[in-house]
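Let's go through a structure together, one feature at a time. Have the viewer open and stop wherever you like.

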Amino acid sequence: MKTDIQIAQEAEMLPIRDVAAQLGIAEDDLELYGKYKAKLSDELIEKVKEHKDGKLILVTAINPTPAGEGKTTTSVGLGEAFGKMGKKAVLALREPSLGPCFGIKGGAAGGGYAQVVPMEDLNLHFTGDFHAITSANNLLAALLDNHIQQGNELSIDPRQVVWKRCLDINDRVLRNIVVGLGSKMDGMVREDHFVITVASEIMAVLCLADDMADLKRRLGRMIVAYNFEGQPVTADDLKATGSMAALLKDALKPNLIQTLEHTPAIVHGGPFANIAHGCNSVRATKTALKLADYVVTEAGFGADLGAEKFLDIKCRMAGLKPDAIVLVATVRALKYNGGVPKAELSNENLDALKKGIVNLEKHIENLQKYGVPVVVTLNSFVTDTQAETDYIEQFCKERGCEFALSKVWEKGGEGGIALAEKVLETLENKESNFKPIYEDSLSLTEKIETVAKEIYGADGVSYSPAAQKELKRITELGMGNFPVCMAKTQYSLSDDQTKLGRPSGFTVNVREVYVSAGAGFVVAVTGAIMTMPGLGKTPAAYGIDVDDNGVITGLF
């Protein structure tokens, strides 16, 4: 079987202007990045604002396992299937981070015959959006330290600097550092930190901003530090907003590429869902809805993270309403949740399946709480047996869910037609009564506890003294009405990654809280989650290479 990158490199891509033409976009409304990539112009986005919205379909999944679930693959395959059926459809996806590309997880282009291309460009530098975000983040950090060095007119307390530098590579030694060592001219000695670029607040701000004016408002109110009196110091206070916005001018524009079957794909932004809000940009999603009848978007990791944040943060802020949700599972992943080791997942095991399917059950229950129709799709593997598939189908139907088998990895759009037909049937026959899981008026602790109890299944929440103190300060600063963004392990419904299936009798432990005032949410860091990941013992980077002809190998 060919690798994903071989399939992608053998694909015959259409010139991007021809892909854009499917959506009624003229070449003058594109900003070309070579033959196969383009940014959508501000003029186009303004031009289509009055168009009627298409249907919004969210793709999410059960908790990820080493067996793989194929959420992006399913999203891409569903978009391809709509295209094969003659429907006007577009994908709205996130950009990959270099961290996972060179770490463990790999890229985010899909897989098999359900990929977006050019795959190598997308997974590496793409159109430079992440570099722009990294530069803007670190410019703000430099201006902050320079302000302290040049007399500290704002009376910034160096012990209360909360803005962190960033880098889009997994580099654990940068999590906690000391800066300013050397002579007096090298700056004040203080503790500092790095986060991965996808965890930077600027990534979240870019993905939630409606336009340049909104981007600048959000950038300006980002809190970088507190002064000696405990009052917040913002990017506006440091006079940093304009220069950051200049660096982000092009990054704010959504990117257009294509699938292997030439379905248009708008790929823009990429906050992690385990530490940020995990959705592509509002600008990309809203533009997609104006350009097509069906928009397929996805949210990162499992439904307890990405989907919850899509529904409680992105939809709340942007006024979006999903019309249907596709929940992706695999037989292999459910057996893994039932206690089967990875090496034995190819063997039929109905007992383990029955034990592990409780993870899927909890995600179905959670999504139904939002009032949106749910379609469960089983991402098919050749090792799946009929008995296993039949059991899952019956299980879903008993819980009021539609069910479809997906074979998009193997067959591309053709393998997604059954799923596409089920989604279309759901859109036609079931109404979405979407409502977030909590009201703005609840306190921050009530919001955190609602997510922990209703979505994770926790008995309650415990808070470190530092987290309690910060929650009090954020509320006193007038930001208690913000939604909460839970930073939690993706591998479990709980905050302990070893608890698989549907854990119960546990408490969620909030160790740290901080406000992302520009993004407009409060982050609650739980368990042992890290905002700067590390590399594993055998990172994916070991297998990536480029030959004398410039052909890249090893990306996945």
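Q: Let's start with a cysteine. Is Cys101 buried or exposed?

A: One thing to keep in mind is that this is a predicted model. To read burial, look at the relative accessible area: under 20% is called buried. Cys101 has a relative accessible area of 2%, so it is buried.

Q: How many disulfides does the count come to?

A: The test is whether two cysteine sulfur atoms lie within 2.5 Å. By that rule, the count is 0 disulfides. For Cys101, the nearest cysteine sulfur belongs to Cys207 and is 16 Å away. For Cys401, the nearest one is that of Cys396, 5.9 Å away, and Cys401 is in no disulfide either. Cys401 also counts as buried, because its relative accessibility is 3%.

Q: Now helices. What should I compare to see how straight one is, say α4?

A: Compare the end-to-end C-alpha distance with what you'd expect at 1.5 Å a residue. Helix α4, residues 71–84, has 14 residues and reaches 20 Å, close to the expected 20 Å.

Q: How many of the residues of α4 are buried?

A: That would be 12 of the 14, so α4 is largely enclosed by the rest of the structure. Among the buried ones are Lys71, Glu80 and Phe82. Just after the helix, Gly86 takes a positive phi of about 80°.

Q: And how far apart are the end C-alpha atoms of α12?

A: Only 19 Å, though a straight helix would reach 22 Å; α12 runs over residues 303–318 and has 16 residues. When the span falls short, look for a bend. In α12 there is one of about 35° at Phe310.

Q: What about cover and the residue that follows α12?

A: α12 is mostly covered, with 15 of its 16 residues buried. The helix is followed by Gly319, with a positive phi near 70°.

Q: Let's go to the surface. Which residues make the nonpolar patch?

A: Met1, Tyr113 and Trp409 make a nonpolar surface patch of about 350 Å². Met1 sits in the segment before α1 (4–10). Exposed means over 50% relative accessible area, so Met1, at 72%, counts as exposed.

Q: Last one: where is Glu428, and how far in space is it from Gly550?

A: Glu428 is in helix α18, residues 417–429. With a relative accessibility of 69%, Glu428 counts as exposed. Sequence and space are separate readings, so to speak: Glu428 and Gly550 are 122 residues apart in sequence and 48 Å apart in space, C-alpha to C-alpha.

Key:
Residues are numbered from 1 along each chain as its sequence is written. This is a predicted model: local features need pLDDT of at least 70, side-chain atom pairs count only at pLDDT 80 or more; totals for chains, interfaces and linings use all residues. Side-chain values use heavy atoms; hydrogens and water are left out. Patches are made of residues with over 30% relative accessible area and no salt bridge: like charges are joined within 9 Å, nonpolar side chains (Val, Leu, Ile, Met, Phe, Trp, Tyr) within 5 Å. Accessible areas come from the Shrake-Rupley method with a 1.4 Å probe; for residues, only the protein chains shown count as cover. A salt bridge is a side-chain nitrogen of Lys or Arg within 4 Å of a carboxyl oxygen of Asp or Glu. Helices (H or I, at least four residues) and strands (E, at least two) are DSSP runs, numbered from the N terminus. Buried means under 20% relative accessible area, exposed over 50%, partly exposed in between (1.4 Å probe, protein chains only). The expected span of a helix is 1.5 Å times one less than its number of residues. The bend at a residue is the angle between axes fitted to the seven residues ending there and the seven starting there.
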